[in-house]
Amino acid sequence: PDVTSHWENHHHHYQKQQSESNNSDNNEPVWMSEADSRREEPSETIRFLRARGYTREEAASVLDQSASKVDALGRLWRSTLGEEFTISNETELGDASELQKEETEVLKAIFVQDEDGVQFAAVEGEEDGSSDDPHKFDAVLPITSYEPPDRYGLPPPLLLEVYVDEGLAPKYPYEPPVLALVGGGLPERWLKEMTVRLRKEAVKRCQAESGEPQIFNLVNFIGEEIEHVIQAETEVLEQERKAKLAEAKAAAEAKRKEAMDSQQPSANASSQNASASYKTEAERRAYAMSIVASAGAGACASSANNKSSANNASKVAKQYYQTGVTDKSLVDDLFS
């Protein structure tokens, strides 16, 4: 079985499900827009490598010197730390092959083959010796502890691809296998970040525990690392959401205050307008006193005197033009 194409089939299946669930929603997850972008790549190898977190430039740098897309993957994997892993020349391929067979049996017992995304390159009959084909160790294993956040929609499962065959890591477990992460709705940049961490962990374990099976340990390791990354990403997004909410509230408050200010004339502006409506301060105070006198006359005198006072007040009033200020304001100002 070709484990390199196994995930591609799953990816198209899950992307179709996600598209159907989105309907008219234009806010699609990042992994979907990146998948659309990869489909525009003319090279199958570049599409393959980008889906595993490598950039277009990185993929193009090994394109001409690689015999296949998996060979290109191996070249980029080995260059992630900028150095090659060295193993003892005394290590026999036969010993490594036997250890690989034993680990394959263990992995098959842990991961049921019909589980979503699981695939082993080993053909039936290898373990009991009934097959004459050379042992194949390559496998695709799910990161079962990974749970994508709701914002990722319905992504394909997150898978760890293990490459040892075809000369990529023939002396595993005495040397690190070539590993790749794919799927899970993780953006390409996170896949690359996780690949770098995975490479460092694989090298460290192989140096400390040479000859020991490592794949299941690496599956657990990457599951924990991704959990931390998702948590950190969630916290950043929450901070951004709160900042935008605070900004929106501040803008709404400023708009409300502006509307209130435009509806209430300024007391200072009113006072300035009133002062500017009279030639002198004496004229302003005289008018205010006439208002008071007119009001007093209306309360105490006869109707004739009241009428005369009103006429006098009217005559006085005609000496000035409308100020826009109420009589009450003038009186209050007079006795303040």
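## Ile230 in helix α8

Let us begin inside the protein: Ile230 counts as buried, at 10% relative accessibility. Here buried means under 20% relative accessible area, exposed means over 50%, and partly exposed lies in between, with a 1.4 Å probe and protein chains only. This is a predicted model, in which local features need pLDDT of at least 70 and side-chain atom pairs count only at pLDDT 80 or more, while totals for chains, interfaces and linings use all residues. Residues are numbered from 1 along each chain as its sequence is written, and side-chain values use heavy atoms, with hydrogens and water left out.

Ile230 sits in helix α8, which covers residues 215-263. Setting aside neighbours within four places in sequence, Ile230 touches Tyr146, Pro149, Arg151, Tyr152 and Leu186, where contact means heavy atoms within 4.5 Å. Pro149 is 81 residues from Ile230 in sequence, yet their C-alpha atoms are 7.8 Å apart in space.

## The protein as a whole

Stepping back, the protein has twelve helices and four strands. These elements are DSSP runs numbered from the N terminus: helices are H or I with at least four residues, strands are E with at least two. Of the 336 residues, 40% count as buried.

Among contacts between residues at least 6 apart in sequence, 65% join residues at least 24 apart. The protein exposes about 19,400 Å², and carbon and sulfur atoms supply 49% of that area. Accessible areas come from the Shrake-Rupley method with a 1.4 Å probe, and for residues only the protein chains shown count as cover.

## The four-stranded sheet

The strands form an open sheet in the order β1-β2-β3-β4, with antiparallel pairing. The edges are β1 and β4, each of which pairs on one side only. Two strands are taken to pair if DSSP finds at least two bridges between them. Antiparallel β1 and β2 are joined by two bridges, and antiparallel β2 and β3 by four.

Strand β2 (139-142) is a good place to look closely. Gln119 has Val140 in β2 as its bridge partner, and Val140 also stands opposite Glu161 in β3. Further along, Pro142 has Leu159 in β3 as its bridge partner. In a regular strand the side chains alternate between the two faces of the sheet. Here, Ala139 and Leu141 point one way from β2, Val140 and Pro142 point the other way, and all are buried.

## The loop between β3 and β4

The loop between β3 (159-163) and β4 (178-182) holds Pro173. A cis peptide bond joins Tyr172 and Pro173, with omega at about 15°. Pro173 is buried, with a relative accessible area of 1%. Leaving aside neighbours within four places in sequence, Pro173 is in contact with Ala96, Leu99, Cys206, Ser210, Gly211 and Glu212. The C-alpha atoms of Pro173 and Ala96 are separated by 6.5 Å, although these residues are 77 apart along the chain.

Glu166 is found in the loop between β3 and β4 too. Glu166 is not a glycine, but it has a positive phi of about 60°. Is Glu166 buried or exposed? Glu166 is exposed, with a relative accessible area of 70%.

## Aromatic pairs

Rings of Phe, Tyr and Trp (its six-membered ring) pair if their centres lie within 6.5 Å; planes under 30 degrees apart count as stacked, over 60 as edge-to-face and the rest as tilted. By this rule there are two aromatic pairs. One of them is the tilted pair of Phe137 and Tyr172, at 5.4 Å centre to centre and 40° between the planes. This pair links distant parts of the chain, 35 residues apart: Phe137 is in the loop between β1 (119-120) and β2, and Tyr172 is in the loop between β3 and β4. Both rings belong to buried residues, with Phe137 at 3% relative accessibility and Tyr172 at 1%.

## A nonpolar patch on the surface

To finish on the outside, Val106, Ile110 and Phe216 make a nonpolar surface patch of about 240 Å². Patches are made of residues with over 30% relative accessible area and no salt bridge: like charges are joined within 9 Å, and nonpolar side chains (Val, Leu, Ile, Met, Phe, Trp, Tyr) within 5 Å. A salt bridge is a side-chain nitrogen of Lys or Arg within 4 Å of a carboxyl oxygen of Asp or Glu. Ile110 belongs to helix α6, residues 93-110, and at 38% relative accessibility Ile110 counts as partly exposed.
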